There are 2 protein chains.
Amino acid sequence: MFSIGQLSKQTGVKVPTIRYYEQVGLLVSAGRTEGNQRRYDKDGLERLGFIRHARDLGFSIEAISALIDLQQHPDRSCQEATEIAQDQLADVREKLRRLTALETELVRISEGCDGDGSSNDCYVLTSLADHRHCRTEH
Amino acid sequence: MFSIGQLSKQTGVKVPTIRYYEQVGLLVSAGRTEGNQRRYDKDGLERLGFIRHARDLGFSIEAISALIDLQQHPDRSCQEATEIAQDQLADVREKLRRLTALETELVRISEGCDGDGSSNDCYVLTSLADHRHCRTEH
DNA sequence: CTTGAAGCTCTAGTGACTAGAGGTTGTAGA
DNA sequence: TCTACAACCTCTAGTCACTAGAGCTTCAAG
């Protein structure tokens, strides 16, 4: 049996975050000692590991809830799980696309200015003031 | 002179967002009609355009505040503006790095599973349960 | 002069935590 | 067995950048 602090150390999830996950229903309520402190077993450890990993991959709490539901109903097809993962992938790719455009723009903006001179003709500021200078969509 | 709605249309910034920007001090308080409605001039339009563009590029409200300060003190060196832009670029690049790793992982996870079969051996779920399956750091 | 779209302020909600106050419990050492 | 104190508890509020809604007032066209 682990205390919440030990669970935290083993998973790398902060103590208040673990309590938060319980509060929003991601983790089932932990058993308690007589003095009302949470105690976890190996099962709890694994569930939190799953959540941690999914969060690291950018899945939302809502998506993780759905995935945990699926885990607990092994009779259901895993098509749903695959869909959730693919939605997440599409999301990540969209973010990559946007960030790549931003990178291009920021490089252009940063390089135009050597940091000398006064800010009334600063390239960074004039570039931000006028979208028409941009080379990519964003 | 524009109403807040006209300003919104011209810049693509929603009306409540404009009021929010004023509230947090990004936009100086607009002049008002006798009936207490906001009226903007060309200056306000340009300032909001600047904010809009900088937000699109992912700059935080705080960073934009600093940039606007610099605009209003043209005597100060633009080195600070360049630093802010380069910080933002570093930030974007870090996000790109992480998202690229996530993409790799998600492709691997999604492709391992064809959506058939039941979820007790679903590759998506087992992959999420065990970080050791991963090929990249995240 | 009427109507209704557009404006106003204020409060509260979003997601995923994080921080802090103020109190209680568990446990290691004396 | 006692004591000290780290770790635990609950609850509220704050973060960021908005967004939504209630309930009211003003503007402008017909």
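**View 1. Chains A and B meet through the same surface.** Every interface residue of chain B, 100%, is also an interface residue in chain A, so the two copies use the same surface. The contact (heavy atoms within 4.5 Å) takes 53 residues from chain B and 54 residues from chain A. Together the chains bury about 4300 Å², with 72% of it on carbon and sulfur atoms. Buried area here is the accessible area (1.4 Å probe) lost when two parts are put together, summed over both. On the chain B side, B:His53, B:Leu106 and B:Leu128 lose the most area to chain A. Together they make up 16% of what that side buries.

This is a predicted model: local features need pLDDT of at least 70, side-chain atom pairs count only at pLDDT 80 or more, and totals for chains, interfaces and linings use all residues. Residues are numbered from 1 along each chain as its sequence is written, chains are lettered from A and ligands numbered from 1 in the order written, and side-chain values use heavy atoms, leaving out hydrogens and water.

**View 2. The rotation axis relating chain B to chain A.** A rotation of 180 degrees with 0.0 Å of shift along its axis superposes chain B on chain A, with an RMSD of 0.1 Å. That is the relation of a two-fold axis. The superposition is by least squares on C-alpha atoms of residues with pLDDT of at least 70 in both copies. Of the residues of chain B, B:Leu96 comes closest to the axis, at 3.1 Å (C-alpha).

**View 3. The protein surface near DNA strand D.** Strand D is surrounded by 18 residues, each with a heavy atom within 4 Å of it. The closest are A:Gly5, A:Arg19, A:Arg38, B:Tyr21 and B:Arg55. Sugar and phosphate account for 88% of the strand D atoms that come within 4 Å of the protein. By class, this surface has 4 nonpolar, 9 polar and 5 charged residues. Helix 1 (4-11) of chain A and helix 2 (15-23) of chain B each supply at least two residues. Helix 2 of chain B gives the largest share, 3 residues.

**View 4. Side chains at the phosphates of DNA strand D.** An N or O atom in the side chain of A:Ser3 is 3.0 Å from a phosphate oxygen. For B:Tyr21, a polar side-chain atom lies 2.8 Å from a phosphate oxygen. For B:Arg55, the distance from a side-chain N or O atom to a phosphate oxygen is 2.7 Å.

Technical notes: Polar contact = N/O pair within 3.5 Å; in protein donor to acceptor, adjacent residues only side chain to side chain. Helix = DSSP H or I, 4+ residues; strand = E, 2+ residues; numbered from the N terminus. Nonpolar A, V, L, I, M, F, W, Y, C, P; charged D, E, K, R; others polar.
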